[in-house]
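Welcome, and please open your viewer. We will walk from stop to stop, with something to select at each one.

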Amino acid sequence: GWKNTKRNPSSASVSMKVTLILLIIQWYSVAGAKHQNGEDSWKNCEIFFAPSSLPSGGWGAYAGRDFEENEVVEISPRQVALPYDTPVIQNSVIDDYIYGYLRWDDDKRELQHLAGVIFGKVMFYNHHVDPNIKWTSFGREPLPQVPTLSQATGFVARRKIEAGMELFSTYGEEDGGKQWFEDRRLELMTVPTNASRKNGTVYEEDKKKYCSKIYAGFGKPSWENRVLASIFGQDVPYNMNSERLAPVDHPVAVTNQDVSAGSVVEMAPALVVNAHMIGNTPLAPVSFFWNDWDAEQQQDLKDLRTSKDLTVQLQSDATDWLRLDRFRRFEEVVVFPAAGNIALIERIGNTDEANCMIKIISSESINSHVKHGGRRGSAGILLQVVATKDLKTGDRLKLNVPSNASPYENQLLVEELLRSGQPIPDNLKDHIEPRMTGDEL
């Protein structure tokens with residue numbers, strides 16, 4: 001059920017030739033400069049979610065500018081790898097969105113085949129038999145002798161992509177996605193790749209309405225000093241101008257422009273899963289459990305259930321792997337913000353320091369989305385982040401939702417971030433244990 005199989009992290013032997021590494025970093029730092037990406041380009045809207053006009057599309061991701069062949073289109077702000085037989089992966093709706101992820105075992109002798117939960121736009125690119133982007137691993141995970149390395153994941157343009165084009169992945173490199181659709185008893189539909197392109201006024205209006213005002217994830221220093229340093233002289237088929245990245249890492253989301261109170265900061269699809277599945281996993285700290293919501297938000301979820309827009313998907317041997325609705329009670333409903341940057345917003349609860357809030361899109365809004373070409377899908381609901389104060393560019397977002405993750409769940413998330421060399425949020429650094437320091441990775 002993995003979307004793709006060609007996601008192998010590099011297994012090349014380590015070479016510690018410092019001069020060569022510096023040359024590679026210098027080359028990749030200037031590559032792509034012809035796109036006129038200045039030092040503030042991290043504030044630009046390069047890709048954005050919007051309703052797809054494809055018959056099976058639901059929501060899609062669109063190019064907010066032109067991309068050249070082999071140019072990096074997206075770097076995920078965060079990734080979490082879990083064994084494929086973890087219940088929240090194998091038996092929930094998340095299985096329909098994951099990508100394959102390979103990792104060396106602790107002895108560095110065998111590659112483990114894991115499920116990659118990849119935040120950002122990554123898991124919500126629609127499928128096409130002639131995709132215009134391809135999944136890519138950047139860098140590699142830290143090694144015992146080189147603990148400062150880092151691995152990122154994302155997508156690269158297969159060919160020139162023009163602004164307004166929908167970005168299409170493939171759910172099966174070898175068979176064009178046939179097996180993925182057969183496993184889910186879904187019809188594989190093929191349409192011209194330009195069928196959902198947004199042009200003219202529609203493109204400009206959708207870009208203005210749906211572009212995220214958030215930056216999160218890798219910044220220029222980690223990209224140049226950790227990710228690119230992991231290449232060790234290999235010929236990597238992508239180019240990336242590091243000036244597109246923020247001057248520093250942002251493992252906690254910040255605004256990429258000034259935002260006025262009451263404005264939408266980001267809107268993105270979310271997945272609905274069972275609390276018993278996602279609890280005690282590295283995904284729990286970024287998930288919204290029933291008791292995290294206030295009374296109004298809980299009522300919004302109840303209304304979505306009444307209108308049949310909220311389901312809790314389950315598949316297993318007992319269902320013959322059919323995707324069935326196994327909703328039991330609201331206390332077991334968890335909203336997992338798999339798309340965009342919402343998972344990287346700091347949660348501080350309903351205090352004076354909070355500067356944004358979450359809105360759960362109503363059934364009426366979803367119906368409007370359907371009328372305009374979208375389709376109800378397994379993503380189930382949409383989340384809006386709305387500013388409750390005037391914000392300046394670079395302000396740290398602080399959500400008025402509490403963080404009720406257990407110390408154990410926070411520790412699992414920190415260990416996963418350390419394992420792959422990703423930036424650690426400062427509010428989670430207290431959960432770093434000595435056994436997980438760089439010297440032991």
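Is helix 9 mostly covered or mostly exposed? Mostly covered: 11 of the 14 residues in helix 9 are buried, where buried means under 20% relative accessible area, exposed over 50%, and partly exposed in between (1.4 Å probe, protein chains only).

Before going further, a word on what is on your screen: this is a predicted model, in which local features need pLDDT of at least 70 and side-chain atom pairs count only at pLDDT 80 or more, while totals for chains, interfaces and linings use all residues. Residues are numbered from 1 along each chain as its sequence is written, and side-chain values use heavy atoms, with hydrogens and water left out.

**Stop 1: helix 9**

Select residues 407-420, which make up helix 9. Helices (H or I, at least four residues) and strands (E, at least two) are DSSP runs, numbered from the N terminus. From its first C-alpha to its last, helix 9 reaches 20 Å, close to the 20 Å expected at 1.5 Å a residue; the expected span is 1.5 Å times one less than the number of residues. Now colour the buried positions, including Leu-412, Leu-413, Val-414, Leu-417 and Leu-418. Glu-409, Glu-415 and Glu-416 are also among the buried residues of helix 9.

**Stop 2: the disulfide**

Next, select Cys-45 and Cys-211, which are joined by a disulfide with an S to S distance of 1.8 Å. The structure holds one disulfide, a term used here for a pair of cysteine sulfur atoms within 2.5 Å. Where do Cys-45 and Cys-211 lie? Cys-45 is in the loop between helix 1 (18-30) and strand 1 (47-51), and Cys-211 in the loop between helix 4 (200-210) and strand 11 (214-217), so the pair ties together parts that are 166 residues apart in sequence. Rotate to look at the S-S bond: its torsion is about -75°, so the disulfide is left-handed. Both cysteines, Cys-45 and Cys-211, are buried. While you are colouring cysteines, add Cys-356, which is buried with a relative accessible area of 0%.

**Stop 3: strands 1 and 2**

From Cys-45, move on to strand 1. Five of the five residues of strand 1 are buried, so this strand is largely enclosed by the rest of the structure. Add residues 59-63, strand 2, which pairs with strand 1 in the antiparallel sense over five bridges; two strands count as paired if DSSP finds at least two bridges between them. Within this pairing, Phe-49 has Ala-61 of strand 2 as its bridge partner.

Show the side chains here. The charged end of Lys-121 sits over the ring of Phe-49, 5.2 Å from its centre. Likewise, the charged end of Lys-198 sits over the ring of Tyr-62, 4.7 Å from its centre. For such a contact, NZ of Lys or CZ of Arg must be within 6 Å of the ring centre and within 35 degrees of the ring normal.

**Stop 4: two open sheets**

Select strands 3, 9 and 8. These three strands form an open sheet in the order 3-9-8, with antiparallel pairing. Strand 3 (72-75) and strand 8 (133-139) stand at the edges, each with a single partner strand, so one side of each is left without a neighbour in the sheet. Strand 3 pairs with strand 9 (residues 151-157) over three bridges, and Ile-75 stands opposite Gly-154 in strand 9.

Then switch to the open sheet of three strands with the order 4-6-5, again antiparallel in its pairing. Here strand 4 (79-83) and strand 5 (99-104) stand at the edges. Strand 4 meets strand 6 over five bridges, with Leu-114 of strand 6 as the bridge partner of Pro-83.

**Stop 5: aromatic pairs**

Finally, show the aromatic rings: a search of the whole structure finds 19 aromatic pairs. Rings of Phe, Tyr and Trp (its six-membered ring) pair if their centres lie within 6.5 Å; planes under 30 degrees apart count as stacked, over 60 as edge-to-face and the rest as tilted. Phe-119 and Phe-336 are edge-to-face, at 5.7 Å centre to centre and 65° between the planes. Phe-119 and Phe-336 are both buried. Compare Tyr-171 and Phe-181, a stacked pair at 6.0 Å centre to centre with 15° between the planes. To end, select Tyr-99, Tyr-125, Trp-135 and Phe-155, which form one aromatic cluster.
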